[in-house]
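Student: Could you take me through one part of this protein up close? I'd like to look at the nonpolar core and what sits around it.

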Amino acid sequence: MCLGIPGRIIEITDAANCLAKVDVSGVRRIISVRLLQKDMPQPDDWVLVHVGFAMAKIDETEALLTLAAVKRLGEAYSDELQAFDNSSIV
């Protein structure tokens with residue numbers, strides 16, 4: 001199962017290539033924010049992350065509620081978080 005997990009933008013690392021560092025439950029990775037280019041996220045914005053891409057901007061309340069819900073999924077959440085931890089954009 002693949003999930004979108006909320007993450008908080010830490011910094012824009014490469015604006016020209018639409019890359020940002022995001023924190024997802026303590027795991028920090030560089031992701032692409034190109035899909036949100038028309039409404040580029042900024043540090044402290046929350047985004048929904050799936051396979052290394054920010055799919056949508058979400059507000060903090062929605063992010064925290066979604067995190068609580070996906071954590072209740074148990075193994076599916078753990079698997080997704082581990083996949084995110086093992087991923088990288090080269």
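Tutor: Sure, let's start with the core and then move to the surface. Keep in mind that this is a predicted model, where local features need pLDDT of at least 70, side-chain atom pairs count only at pLDDT 80 or more, and totals for chains, interfaces and linings use all residues. Residues are numbered from 1 along each chain as its sequence is written, and side-chain values use heavy atoms, with hydrogens and water left out.

The largest nonpolar core has 16 residues, and those touching the most other members are Ile 9, Val 22, Ile 31, Val 33, Val 47, Val 49 and Ala 54. A nonpolar core here is a set of buried Ala, Val, Leu, Ile, Met, Phe, Trp, Tyr and Cys residues joined through side-chain atoms within 4.5 Å. Buried means under 20% relative accessible area, exposed over 50%, and partly exposed in between (1.4 Å probe, protein chains only). At least two core residues come from each of β1 (5-14), β2 (19-24), β4 (46-50), β5 and α1 (60-71); helices (H or I, at least four residues) and strands (E, at least two) are DSSP runs, numbered from the N terminus.

Now zoom in on Val 47: beyond its neighbours within four places in sequence, its contacts (heavy atoms within 4.5 Å) include Ile 9, Val 22, Ile 31, Ala 54 and Gly 7. Gly 7 lies in strand β1 and counts as buried because its relative accessibility is 0%. Gly 7 and Trp 46 are 39 residues apart in sequence, yet 5.6 Å apart in space, C-alpha to C-alpha.

For contrast, look at Met 55 in strand β5 (residues 53-58), which counts as partly exposed because its relative accessibility is 42%.
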